[in-house]
Amino acid sequence: MNINSDELEIMTQFVHGLCINDGREFSNWGLSRSTRPAVYVEPLSYADVQAVVRDTAQFPTPVRPIGAMLSVTETVINDGGTLLCTRKLDAILGLETDSCGRQVVRVQAGCRLKKLNVWLQQQGWEIPFQAEIGEATIGSVAIGDTKESSLDGPGYFSSHVVAVLYIDEYGTLRILSDQQDGAAFYEFKCSFGLSGIVVECLIEVRPASLCRANVALYAYQSPQALAEGILQLREQCDALLAVVILHQLVCFAEQRYQAGAGNMTPDSSQPHCEQYRLAKRLAIQHGFDGGDLPRPQGIVFSRSDFVNEYWRPAKTENRLDFQYYEHDIGMLERVINESYRFTKAFQHNTGFVPTGWATYFVHRPEKERKPFGIYSGGSGISCSFDPIYCNPNEPLWQRFAKEYNRVAIDQLGGNPSPIQTQWLQPGDICIPRKLARERFTTPYYEQFLM
């Protein structure tokens, strides 16, 4: 039997990390989506990832990379395929200066955002992206959808990623960067893992800075006044995060301001910062299921300190679930008016309403830097108005989300996300087929390819 060198290399490679093929079930963070892959694997090295991709017999197609499994949608489902979890590839490899003179951090794909933020804080650096959920992994947010009301950045994580190392469908380690690969690099960052498995990223960083925040509760007489009030609150500050109790026309607003250089929360802002951080973390953990949040004024803090970790909930425990839709900021008044009308009608018919609606503002880049998906409409400002609930398995919440999809997407033209918008139908999202490789494409994503 003649074996060439390439075949010998494949045959002699094997995976050192954990490999499970006993048919067990895996669930997402919210315990709302479950899957039974043929194989679950946790690689220890890039060579392990290459071996998995190359061995189609031991590791059935499709191979789906996962991190913390935080997504609320069916993106985690890969029955009969291979789930490849990157959580053991979590090293922070250090700070560097790239060929353009930019300060960057090199980090492996399985590193959690909280871990990276803490490490950078200790060095006096930061990524200008204040994540709400620190359990998300670098690889997932580098090629997926994110949002935050940034003080002085675009507001989505992948905009700060300047290079990626990934394994392609042949098991080859490849590099893409903004300086060397241009369009191919920006397209890859829109691929949701369908073009290859990210194992390492270079992320631009800058000296750490502080944030000042005022938190208040506002009530309005009409949905029109609510929309106008949110826009006014945003104009008064550098960034606004709002959680709206829509059926009551109430807005919980966190107005953020730049507060100069610094990497540690000042003692003068304690204990108010810590009290607010813990209360906010608990509210997010439980899907804003009730309780009154503190409303501090003038607190100054390190943004890294407010990147929180969340525990994996029990099935009986209230936990965050949500939908996501991107709109242009010019649509916000109509979005709030139509959402209010739909929500009140649904409440009248069923007695159900979401616990809140999250509102973020994100700065869109020029089209070539975000060619597909959300934020790909060219330069401008996007907003989201996203329903939140505290039990993903509540039938009335699921019905609400399904029916509201038709309002947000069909009537209002909102852009949904395959990892943050549930109950989508074919045609709601169009992912370019050129971004997808058969080895990595699950049935869930196949329905959105065009």
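Me: Ala, Val, Leu, Ile, Met, Phe, Trp, Tyr, Cys and Pro count as nonpolar; Asp, Glu, Lys and Arg count as charged; the others, Gly among them, count as polar. With those classes, how do the residues lining the second largest cavity divide?

Reply: This is a predicted model, so read every value as computed from it. The lining of the second largest cavity has five nonpolar, seven polar and two charged residues.

Me: How is such a cavity found in the first place?

Reply: Rolling a probe the size of a water molecule over the atoms shows where empty space is left. In this structure, two cavities reach 30 Å³ or more. The second largest cavity holds about 100 Å³ of space. It is lined by 14 residues, and Asn-117, Glu-126, Ser-302, Arg-303 and Ser-304 are the closest to its centre.

Me: Which secondary structure elements each supply at least two residues of that lining?

Reply: Helix 3, residues 113–123, and strand 9, residues 125–126.

Me: Let us step back to the whole chain. How many helices and strands are there?

Reply: The protein has 11 helices and 22 strands. Its C-alpha trace spans about 80 × 50 × 40 Å along the principal axes.

Me: What does the radius of gyration say about packing as a globule?

Reply: Compare it with the value for a compact globule of equal length. For 450 residues that value is near 22 Å, and the protein has 22 Å, so the two agree. Burial can be read alongside: 58% of the 450 residues are buried. Then look at sequence separation. Of the contacts with a separation of 6 or more, 72% join residues 24 or more positions apart.

Me: Where is the largest nonpolar core, and which residues have the most contacts inside it?

Reply: A core is read as buried nonpolar side chains joined by contact. The largest here has 48 residues, and Leu-226, Ile-230, Cys-251, Tyr-404 and Ile-431 have the most contacts inside it. Several elements each give at least two residues, including helix 7 (223–235), strand 16 (250–261), helix 9 (332–350) and strand 21 (380–389). Helix 10 gives the most, with six residues.

Me: What does Cys-251 touch, beyond its neighbours in sequence?

Reply: Its partners include Tyr-218, Leu-226, Ile-230, Leu-233 and Val-243. There is also a second, separate core of 29 residues, with Ile-127, Ala-131, Ala-136 and Phe-185 among them.

Me: How do I read a single buried site? Take Ala-253.

Reply: Start with accessibility. Ala-253 is at 1%, and the cut-off is under 20%, so it is buried. Ala-253 sits in strand 16. Now look for partners far along the chain. Tyr-218 is 35 residues away in sequence, yet the two C-alpha atoms are separated by 7.7 Å. Ala-253 touches Tyr-218, and also Asn-214, Val-215 and Leu-240, among others.

Me: Is Lys-280 buried or exposed?

Reply: Lys-280 has 7% relative accessibility and therefore counts as buried. The residue lies in helix 8, residues 272–285. Check what surrounds it: Lys-280 touches Glu-132, Leu-241, Glu-254, Arg-256 and Leu-293.

Me: And Pro-416?

Reply: Pro-416 lies in strand 22, residues 415–416. At 8% relative accessibility, Pro-416 counts as buried. Its C-alpha atom is separated by 7.3 Å from that of Ile-374, 42 residues apart along the chain. Pro-416 touches Ile-374, and its partners also include Tyr-324, Ile-409 and Leu-424.

Me: Now the backbone. What is the usual case, and where should I look for exceptions?

Reply: Most residues other than glycine have a negative phi, and most peptide bonds are trans. Begin with omega. Thr-61 and Pro-62 are joined by a cis peptide bond, with omega about 0°. Pro-62 lies in the loop between helix 2 (46–54) and strand 5 (63–66). Gln-270 and Pro-271 are also joined by a cis peptide bond, with omega about 10°. Pro-271 is in the loop between strand 16 and helix 8.

Me: Which residues should I check for positive phi?

Reply: Phe-192 has phi near 55°, a positive value in a residue other than glycine. Phe-192 lies in the loop between helix 6 (183–188) and strand 12 (197–204). Tyr-375 has phi near 65°, again positive. Tyr-375 lies in the loop between strand 20 and strand 21.

Me: Are these two loop residues buried or exposed?

Reply: Phe-192 is buried, with a relative accessible area of 8%. Tyr-375 is buried too, at 1%.

How values were computed. Residues are numbered from 1 along each chain as its sequence is written. This is a predicted model: local features need pLDDT of at least 70, side-chain atom pairs count only at pLDDT 80 or more; totals for chains, interfaces and linings use all residues. Side-chain values use heavy atoms; hydrogens and water are left out. On a 1 Å grid over the protein atoms alone, a cavity is a set of points where a 1.4 Å probe fits but cannot get out, and a pocket is an open set with protein on both sides within 12 Å along at least five of seven lines; lining residues have an atom within 4 Å of a point. Grid points are joined across faces, edges and corners, and a volume is the space filled by probe spheres set on the points. Helices (H or I, at least four residues) and strands (E, at least two) are DSSP runs, numbered from the N terminus. A nonpolar core is a set of buried Ala, Val, Leu, Ile, Met, Phe, Trp, Tyr and Cys residues joined through side-chain atoms within 4.5 Å. Buried means under 20% relative accessible area, exposed over 50%, partly exposed in between (1.4 Å probe, protein chains only). Contact means heavy atoms within 4.5 Å. The radius of gyration is taken over C-alpha atoms; the globule rule is 2.2 Å times the number of residues to the power 0.38. Lists of a residue's contacts leave out its neighbours within four places in sequence.
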